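I opened this model to look up its sheet, its cores and its confidence. My entries follow in the order in which I checked things.

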Amino acid sequence: MIPDLATFPALRAWQRKALVEYLRRRSPDFLAVATPGAGKTTFALRIAAELLADGSVERVTVVAPTEHLKIQWARAAAAVGIQLDPAFRNSDEYASRDFHGVVITYAQVGMAPQVHRKMTFTRPTLVILDEIHHAGDSRSWGDGVKAAFEPAVRRLMLTGTPFRSDDNPIPFVEYVRDGADGLPRSRSDSSYGYADALADGVVRPVIFLAYSGETRWRTSAGDELAVRLGEPMTQDVVAQAWRTALDPVGDWMPQVLRAADARLQVKRKGGIPDAAGLVIASDQQSARAYAKLLHTITGEKAVVVLSDDDGASKRIADFAESEDRWLVAVRMVSEGVDIPRLAVGVYATSASTPLYFAQAIGRFVRARRPGETASVFLPSVPHLLGLASEMEMQRDHVLGAKQKREGFDDELLERAQKSEDASGELTKKIEALSATAELDQVIFDGATFGLPALSGTPEEEEFLGLPGLLTADQVAQLLHKRQAEQVAAARRRSNAAAAASIAKGAPVAAPAPMSAGERRINLRKQLNALVAAHHHRTDLPHGKIHAELRRLCGGPPSAQATIEQLEERIATLQTL
């Protein structure tokens with residue numbers, strides 16, 4: 001049975017434009033890059049319906065990263081009259097004629113590419129490669145995908161994150177040499193980024209709440225170290241402080257989870273009654289411990305998803321349709337998993353690659369109604385702050401670029417996440433002793449807001465209590481207002497203290513020299529005030545102003561910038 005195009009749901013503007021481009025070109029390969037939540041599945045199924053209807057193809061094969069996504073794809077396809085078999089196994093060899101095609105995983109293709117090549121040969125086939133960058137996860141997967149689907153008459157590649165952290169080329173993706181470095185970069189045929197989707201109201205604005213605090217741990221040599229999370233330090237010390245903060249035994253995680261639940265409750269009472277939260281953990285042991293903490297804090301049990309099996313898939317589906325508050329997961333809830341009611345996240349993992357971060361944040365941006373926002377709590381680690389500030393940046397897969405390891409050892413963490421057990425090598429490195437949490441800054445649209453506020457104070461509550469339903473412009477206005485109020489309150493307290501000293505006849509002490517941390521906070525405040533003023537003069541978005549300053553002056557986002565870099569940007573902006 002051919003799907004009825006007349007009953008197909010209306011397409012969004014980017015989907016219509018990409019569909020016209022696809023039908024106009026009629027080339028075998030097409031790469032569509034669209035931010036998570038934009039509707040890649042709907043777009044792909046419309047193309048499948050068009051090709052089935054005009055006889056260009058007789059079979060559809062969808063390749064997805066996980067078993068759970070196979071079920072999700074089959075359900076979405078059935079809703080528009082395309083029947084796909086998610087239960088197909090390599091041992092079946094041939095697909096049933098009861099279906100228009102099958103849904104399989106990259107792992108299935110990698111294990112038996114000859115089975116899928118034979119099926120692709122027998123009938124004209126459209127292959128939809130969902131999150132195509134996974135085909136580069138291993139040489140066997142990439143070779144398997146290439147061998148299995150080379151005979152396909154059409155290949156449609158989809159991704160929300162068209163970049164990788166390695167040099168493994170992605171099959172069927174075109175690479176072109178451009179840019180000053182002359183390195184090959186992936187080229188998309190249709191691109192719809194987060195910034196575009198945000199402007200169209202297709203995705204939610206994301207507010208990042210970064211928490212610092214004092215961390216203390218013991219090294220394998222028996223030495224005790226104590227540092228403030230987020231302060232400038234070596235990568236090794238950053239990694240150890242980061243891991244200490246995430247330890248469930250300290251106070252950092254309970255305090256951050258309590259703040260995240262408070263934010264979730266505000267959203268539930270303020271217009272999103274079914275809003276849910278997701279904690280992304282590094283391993284099984286931590287995930288279970290976080291779930292216990294949430295039970296203590298909320299009085300409700302959190303749903304825990306630990307492995308990619310049938311039971312886990314059902315728990316995700318049940319959670320998506322329920323009104324439960326919290327889900328804790330290691331790696332099941334990653335790219336493509338659709339739980340639109342997720343509105344609050346806690347990034348409680350040490351994974352720090354841009355790819356992983358983008359996939360994780362993509363779980364919270366799916367918009368359902370105007371005014372919904374997402375709030376993500378994360379450690380105040382320079383690399384993460386930079387990724388949060390660059391949410392709207394478009395990236396491509398670059399081959400041959402120098403790879404830089406960031407944060408906590410991502411290779412060890414990737415292995416830990418795949419096995420969902422903490423690596424013994426990691427657990428021997430340090431012994432976490434204590435950690436406390438403090439709201440360091442709020443990041444939105446590339447800009448930072450707020451002064452440090454201790455957990456549980458009215459200053460923290462000012463940011464946790466932002467209304468649940470806000471447009472992007474309203475978020476920016478309120479954050480500027482909150483920061484101005486904080487600065488004014490701090491000034492009043494300082495003036496009151498000075499006045500009290502004068503009244504008592506005591507000499508007024510000269511202002512104490514600011515620490516490096518205080519200077520950075522003060523300079524960030526000045527820079528944000530100048531950016532806001534420039535925005536009102538030019539109507540340019542805050543994020544674009546910050547991006548232009550980075551282009552002119554160089555350096556990382558303001559959340560990571562040094563004192564000298566902040567001073568240079570302030571001076572530059574004053575001349576614009």
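**Sheet.** Before looking at partners I fixed the term: two strands pair if DSSP finds at least two bridges between them. I note at the start that this is a predicted model. I looked up how strand β1 (residues 29-34) is joined to β9, and found three bridges, with the two strands running parallel. Within that pairing, Ala34 has Tyr192 in β9 as its bridge partner.

I then read off the whole sheet. It is open, has seven strands with parallel pairing, and follows the order β3-β4-β2-β5-β6-β1-β9. The edges are β3 (84-85) and β9 (190-192), each of which pairs on one side only.

**Helices on the sheet.** Which strands does helix α2 lie across? I found α2 (residues 40-53) across β1, β2 (59-64), β5 (125-129) and β6 (154-159), and its direction is at about 170° to β6. Helix α6 (residues 139-149) also packs on the sheet, where it touches β2, β4 (101-105), β5 and β6. The angle between the directions of α6 and β5 is about 160°.

**Helix α3.** I checked the span of α3 (residues 67-78). Its twelve residues reach 17 Å from the first C-alpha to the last, close to the 16 Å expected at 1.5 Å a residue. I listed its buried residues as His68, Leu69, Lys70, Trp73, Ala74 and Ala77.

**Positive phi.** I looked for positive phi outside glycine. Arg26 has a phi of about 55°, and its place is in the loop between α1 (13-25) and β1. Is Arg26 buried or exposed? Neither word fits: buried needs under 20% relative accessible area and exposed over 50%, and Arg26 is at 34%, so I entered it as partly exposed.

Glu93 is another case, with phi near 70°. Its place is in the loop between β3 and β4. With a relative accessible area of 40%, Glu93 is partly exposed.

**Cores.** The largest nonpolar core holds 126 residues. Phe43, Ile128, Tyr211, Trp252, Val346 and Phe377 touch the most other members. Helix α2 gives the largest share of this core, eight residues.

I followed one of these residues further. Leaving out residues up to four places away in sequence, Phe377 touches Leu209, Tyr211, Val256, Ala259, Ala260, Arg263, Val344, Gly345, Val346, Tyr347 and Leu464. Another core of 23 residues lies apart from the largest one, and includes Leu31, Ala112, Leu129 and Phe149.

**Helix α13.** How many of the eight residues of α13 (residues 382-389) are buried? I counted seven, so the helix is mostly covered. They are His383, Leu384, Leu385, Gly386, Leu387, Ala388 and Ser389. Their cover includes β10 (206-219), α8 (235-246), β15 (342-348), α12 (354-361), β16 (374-379) and β18 (438-444).

**Confidence.** The chain has a mean pLDDT of 83, and 85% of its residues reach 70 or more. I found the highest confidence in β5, at 97, and the lowest in helix α14 (residues 410-419), at a mean of 39. Residues 395-401 have pLDDT below 50, and this stretch has 35 contacts in the model beyond near neighbours in sequence. Residues 403-428 are also below 50, with 51 such contacts. Where pLDDT is low, the predicted coordinates should not be read in detail.

Definitions and conventions
Residues numbered from 1 in each chain as written. Predicted model: local features only at pLDDT ≥ 70, side-chain atom pairs only at ≥ 80, totals over all residues. Heavy atoms only, no water. Helix = DSSP H or I, 4+ residues; strand = E, 2+ residues; numbered from the N terminus. Contact = heavy atoms within 4.5 Å. Axes fitted to C-alpha atoms, helices over the stretch in contact; angles between N-to-C directions. Buried < 20%, exposed > 50% of the residue type's maximum accessible area, 1.4 Å probe, protein only. Core = buried A, V, L, I, M, F, W, Y, C linked by side-chain atoms within 4.5 Å. pLDDT = per-residue confidence, 0-100. Expected span 1.5 Å × (residues − 1).
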